[in-house]
Every structure is written in C-alpha cells, then in structure tokens.
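Subject: Structure handover

Hello,

Here is the structure I said I would pass on. Please load it first, then read the notes beneath it.

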Amino acid sequence: MTVTPRPRRALEEDGPAVVVQGLRKTYRTRRGIQVAVAGLDMRVPRGGVHGFLGPNGAGKTTTIRMLLGLVRPDRGTATVFGHEVPRQLPQVVHRIGAIVEQPRFFPAFTGRQNLSLLAQGIGLPPSRVDAVLEEVGLAGRSRDRFRSYSLGMKQRLAVAATLLKSPDLLIFDEPTNGLDPAGIHEVRATMRDLADRGRTVLVSSHLLGEVQQVADTVSIVGRGRLLAEGTVRDLLRGAGRGVLRVGVGEPARAAELLRSRGQQVETTADGALLVRAGEHGALPAAEVTRVLAEAGLWLHELTPVQSDLESYFLEVTAQDHLGSAQHEPPGARRADAGEVRR
Ligand SMILES: Nc1ncnc2c1ncn2[C@@H]1O[C@H](COP(=O)(O)OP(=O)(O)OP(=O)(O)O)[C@@H](O)[C@H]1O
C-alpha cells in the first residue's frame, strides 16, 4: 500500500494550537536554583477557550513567556501551530496575540485614537480598528477617552489591540486580575465570543471557578508540571463521581454502618455525611437508603454532590505542597524533566 504523505500545511492546520513537551526553566537566585517550570507537558486544542490553571507560582507566566520567545527554556520543546518556538517564532509570530502585562494606552486619547496609533505603527488600515472595536463590543464607546473607561473596558481595549493583526491564537495571562465582578464578566464574555468566532484562546488563571464558566478544556498545573488535562466536562465527570451527601438523624451511627459496608465517609461542618466509593466501589443511592432504613435510621437528605473545578483541583493537589517555591541548593544535581522535588 502506498501512503501519500500529507502536505505540511495540512498537518499544521490539523494539529493542536500549542504542544509543550518536557519544558523546564530554572532561575539562579541567591537562595539557589529556582525551578519555575519542571518538565511541563501541555496540549492546547485548536479553537475554543483553554484554561491554563494553577496557583500563584505554579509556572504559568514563565510557560507563557517561553511560548512567546521572551524566556528561553533550559530544556524541552514547545510548538505553536506546528512551529517550534523560539527557533521558528518568526514564521508564526503574526498568528499570536498576547496580553502578558497591562498594555499602556494614552489616557487622554479615545479608545479609537489609541488603536489607530497602534494600527498605523504596524501598517494596518483604519478599517481594522473599526473591526476590532466591534469584535470586543467597544464600538459604542470608542470615541470616549481611555481614562473614562471602566477596568473591564480597558481590558477589552487591550484585547482589541491584540486583535489588530488578526491572530489565530490569543494568550491572556491572568486577564481578570484587579477587575470587579462586572469587569470579569465582560472579559469572560469577550473570550467566549473570540473562541466562538474560531480563534484559540489560551487563558491563565488561578481562579478556577471563574475559568470553569468559560473554558472548553483546561490544563491544571502545580509546581511547574501538569497535574491534569482535558475537557472541563470530562474532568468534572471524574471529580466527585458518586459522592452522596446524606442527612440523617444519627450521623455517627450511620457513618459507622456505611463504613462497615466499605464506603468512605466524612462528616461535614453542618452534620451531614459525605459518602464516597471505597475500595470495592460505591453503594448506589437506593442501597444507602435501604442499609440505613434497615437499621432504623431515616434520611432527610440524599443529594449527589456536584463537583466543580475548584474541588477537582484540591483533589488532584491533595498530596502536593503547591505554590511553594522549589529550590535546588547551588551545585545540586538538577532534577530530570518531569521529576518532582519535594
Ligand atoms: N525571573 C525570575 N527569577 C527568579 N525566579 C522566578 C523568575 N520568574 C519566576 N520565578 C519563580 O518561578 C516560579 C514560577 O513563577 P511564575 O510567575 O511562572 O508562576 P505563575 O503560575 O505565573 O504565578 P503567578 O500567578 O503568581 O504569576 C515562582 O516561584 C517564581 O517566583
């Protein structure tokens, strides 16, 4: 059988937007070697919003800076649309728009004037300014001065600026920092809208609950390495699966009984029981009711626990001391990519 090689362009167009493999970055500090990224693997699918999640200090900004060629990795590879960065960045940089730090705008200029200056600087026609203002929903306020904008509007103007060159991949590092709930909502809606129009949005955040509402897929990182990755739906399906909240008159006796049936049982602050599968699997809700009723214990509550990304994150990081700085004393052997130093 003859296999016809697929054209290179087609391969680039089909693969994930970003692939990171074994990426590692250390910094020399006075306290020794600081491991910022410790052998990270990550895949960002093409199209949709991808949340890059983890606590402060988990290595998100450093990873993003490596993708943008602002920081050179010690080892590992990263590709954007099939091009290895930083080596092939010139081939792909026009397809990437990023907000890594708060962009500077002239406060006394209108939003439109600020964008027009930027557009002229990179040789784009004024029609692009109108198009991006429209895209971020600022067309109606574009003739107001920048200083009169709310924080959410300022952030949307920053997004508009990155859209000028019509990038396929947008990278936002903690875009909602410092915003009030209304501003957060605005930025979230803008990200969703950009993804719905076919762009790939990679957004880093330590606010998992917030990203859960907008992301299609996520990578969860801790101490510079990947802890979990997948669609939000699949991760949540796995998280808290089969956990039941049980309200019962004699919680201590009920807990003992359910434990004797192989279940793991915790008591919540309000006296309810959280019942999850033990080694031999979960008792179905009907069985929990029967076991307790047969012992004369009557339920007043039986609810399947809905999990969220925040609890999933706590689950996957339970044994990990996340966010704590990782240091290797000067002269220490370097950890291999992916190795976790505790
Ligand atoms: N230039 C640097 N020199 C020394 N250490 C650094 C440097 N940049 C980052 N680090 C350290 O590397 C670790 C990862 O930092 P990074 O900023 O990438 O994490 P983050 O997940 O983006 O966190 P945050 O949300 O707080 O920015 C931290 O412990 C940080 O202190």
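The notes below go from the whole chain to the ligand, and then to single helices and residues.

Overall

The model is a predicted one. Its chain has 342 residues, of which 35% count as buried. The secondary structure comes to twelve helices and 15 strands. Among contacts with a separation of 6 or more, 71% are between residues 24 or more positions apart. The domain assignment splits the chain into domain 1 (8-237) and domain 2 (242-306). Between the C-alpha centres of domain 1 and domain 2 there are 44 Å.

Ligand shell

The ligand is surrounded by 15 residues, and the closest are Tyr27, Ala36, Asn56, Thr61 and Thr62. Strand S1 (18-29), strand S2 (32-44) and helix H2 (60-67) are the elements that give two or more residues to this shell. H2 contributes the most, with three residues. Sorted by class, the shell holds nine polar, four nonpolar and two charged residues.

Two of these elements, S1 and S2, form a hairpin with two residues between them. Their pairing is antiparallel and runs over ten bridges. Within the pair, Val20 stands opposite Met42 in S2.

After H2

Val71 is in the loop between H2 and strand S4 (75-80). Is Val71 buried, exposed or partly exposed? Its count is 17 C-beta neighbours inside 10 Å, and being buried takes 20 or more while being exposed takes 12 or fewer, so Val71 is partly exposed. Apart from residues up to four places away in sequence, Val71 touches Lys25, Thr62, Arg65 and Met66. One of these, Lys25, is 46 residues away from Val71 along the chain, with 8.6 Å between the two C-alpha atoms. Another, Thr62, is listed with the closest residues around the ligand.

Backbone points to check

Three places are worth a look if you go through the torsions. The first concerns Phe81, in the loop between S4 and S5. Phe81 is not a glycine, yet has a positive phi of about 45 degrees. With 21 C-beta neighbours inside 10 Å, Phe81 counts as buried.

Next is the peptide bond from Val85 to Pro86, which is cis, with omega near 10 degrees. Pro86 sits in the loop between strand S5 (83-85) and helix H3 (89-92).

Then there is Glu174, in the loop between strand S7 (169-173) and helix H7 (181-196). Glu174 also has a positive phi in a residue other than glycine, near 45 degrees. Its 18 C-beta neighbours inside 10 Å make Glu174 partly exposed.

Helix H4 and its cover

Which residues of helix H4 (residues 111-121) are buried? They are Gly111, Arg112, Asn114, Leu115, Leu118 and Ala119. Viewed down the axis of H4, these buried residues fall within an arc of 160 degrees, so they line one face of the helix. Gln120 and Gly121, on the other side of H4, are exposed. Helix H5 (126-135) and helix H6 (151-163) are among what covers the buried residues of H4. After H4 comes Gly123, with a positive phi near 70 degrees.

Ala160 is a residue of helix H6. Ala160 has 27 other C-beta atoms within 10 Å; the threshold for buried is 20 or more, so Ala160 is buried. Leaving aside neighbours within four places in sequence, Ala160 is in contact with Leu115, Val132, Leu133, Glu135, Val136 and Leu138. Leu115 in that list is one of the buried residues of H4. For Ala160 and Val136, which are 24 residues apart along the chain, the C-alpha atoms are separated by 6.2 Å.

In brief

For the ligand, start with S1, S2 and H2, the elements that give two or more residues to its shell. For the backbone, the entries are Phe81 with its positive phi, the cis bond from Val85 to Pro86, and Glu174 with its positive phi. For packing, look at the buried face of H4 and at Ala160 in H6.

Regards

Notes:
Residues are numbered from 1 along each chain as its sequence is written. This is a predicted model: local features need pLDDT of at least 70, side-chain atom pairs count only at pLDDT 80 or more; totals for chains, interfaces and linings use all residues. A residue is near a molecule or strand if its C-beta atom, placed from the backbone, lies within 6 Å of it. Helices (H or I, at least four residues) and strands (E, at least two) are DSSP runs, numbered from the N terminus. Ala, Val, Leu, Ile, Met, Phe, Trp, Tyr, Cys and Pro count as nonpolar, Asp, Glu, Lys and Arg as charged, and the others, Gly among them, as polar. Domain bounds come from an automatic or database domain assignment. Two strands pair if DSSP finds at least two bridges between them. Two residues are in contact if their C-beta atoms, placed from the backbone, lie within 7 Å. The arc is that of the directions from the helix axis to the C-beta atoms.
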